[in-house]
Amino acid sequence: MTTTICFDLDDTVVHYPEPYKNIIRRTVEAHGIEYTDELRAVSKDVFYTAFEALEPEPYRQSMAAVVEAAGADVDLDALVETLRETEYASTTVPEAARDSLTALAADNQLAIVTNGIRERQLGKLDHHGLTDLFDRFVASYEVGAHKPDSAPFDRVREELPADEYVMVGNEYETDVEGARNAGFVPIHYESGEDGGPDLWDSIDALV
């Protein structure tokens, strides 16, 4: 029996040990813009409005709004690139996750099913040297709908035929309920009490 095991990306495979506002702070300060909570709110609101609507370049829209709100004179392209670099550098992959994924890839088809822009999300795997472990990478922007819509899951089923599909993710509504509604076996990712990814230590048995 063949099994395709799917994983959410953010906060399941790739982790953010610190609040995202710290990434915004370092990004804008690198370009001489004084960080404020108001700027963070502007960047967040603009980003999520554009992102949920699947509008192009939500990161650029977000940074453009920050520049406007701050009245700054900076190179927008450079600011957007700094945000990407800072975000990647701020992420981590637990060793337990890396070890488990490597072992699972030897006998199973693996896929990433993530809400986001393909290039941006795939870059996180590239940054951590994990890309080659996955047979497919499906991002919501390329299928025109975010999880929990069935479209991202349907794309996996189209591209990776299998007898069974499993989805591991940290968000209950998007990952667990979305997967269940699409006919996947859902596994809810939860970190241990110390913040460590203890699920990775036993995920081989779960699937």
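In this predicted model, helix 4, which spans residues 76-90, packs against helix 6, formed by residues 118-127, with an angle of about 45 degrees between them and with their axes 10 Å apart. Helix 4 is therefore oblique to helix 6, and the crossing of these two helices is right-handed. On the side of helix 4, the contact is made by Leu 83, Arg 84, Glu 87, Tyr 88 and Ala 89, while helix 6 contributes Glu 119, Arg 120, Gly 123, Lys 124 and His 127. When the residues of this contact are divided by character, 3 are nonpolar, 2 are polar and 5 are charged. As a general point, an α-helix has 3.6 residues a turn, so residues three or four places apart point the same way.

Within helix 6, the buried residues are Arg 120, Gln 121, Leu 122, Gly 123, Lys 124 and Leu 125. The surroundings of these buried residues include helix 4, but they also pack against helix 1 (20-29), helix 3 (58-70), strand 2 (109-114) and strand 3 (136-139). Helix 6 is followed by Gly 129, a residue whose phi is positive, near 65 degrees.

The strands of the model can be considered next. An open sheet is formed by 5 strands, arranged in the order 3-2-1-4-5, and the pairing is parallel. Strand 3 and strand 5 (185-188) stand at the edges, and because each has a single partner strand, one side of each is left without a neighbour in the sheet. Neighbouring strands of this sheet are turned against each other by 20 degrees on average, if direction is ignored.

Strand 1, made up of residues 3-7, pairs in the parallel sense with strand 2 over 4 bridges, and it is joined to strand 4 (residues 164-169) by 5 bridges, again with the strands running parallel. Towards strand 2, Thr 4 has Gln 109 as its bridge partner, and Ile 5 has Leu 110. Towards strand 4, Thr 3 stands opposite Glu 164. Of the 5 residues of strand 1, 5 are buried, so this strand is largely enclosed by the rest of the structure. In a regular strand, the side chains alternate between the two faces of the sheet. In strand 1, both faces are covered, since Thr 3, Ile 5 and Phe 7 on one side are buried, as are Thr 4 and Cys 6 on the other.

Two further residues, Ala 70 and Ser 150, are described by their position and exposure. Ala 70 is placed in helix 3, and with a relative accessible area of 35% it is partly exposed. Not counting residues up to four places away in sequence, Ala 70 touches Ile 33 and Leu 39. The C-alpha atoms of Ala 70 and Tyr 35 are separated by 9.0 Å, although these residues are 35 residues apart along the chain. Ser 150, by contrast, is found in a loop, between helix 7 (140-143) and helix 8 (151-159). With a relative accessible area of 34%, Ser 150 is partly exposed, and its C-alpha atom is separated by 28 Å from that of Arg 60, a residue that lies 90 residues apart from Ser 150 along the chain.

Technical notes. Residues numbered from 1 in each chain as written. Predicted model: local features only at pLDDT ≥ 70, side-chain atom pairs only at ≥ 80, totals over all residues. Heavy atoms only, no water. Axes fitted to C-alpha atoms, helices over the stretch in contact; angles between N-to-C directions. Parallel < 35°, antiparallel > 145°, perpendicular 65-115°, else oblique. Left-handed = near helix turned anticlockwise from the far one by under 90°. Contact = heavy atoms within 4.5 Å. Nonpolar A, V, L, I, M, F, W, Y, C, P; charged D, E, K, R; others polar. Buried < 20%, exposed > 50% of the residue type's maximum accessible area, 1.4 Å probe, protein only. Pairing = 2+ DSSP bridges.
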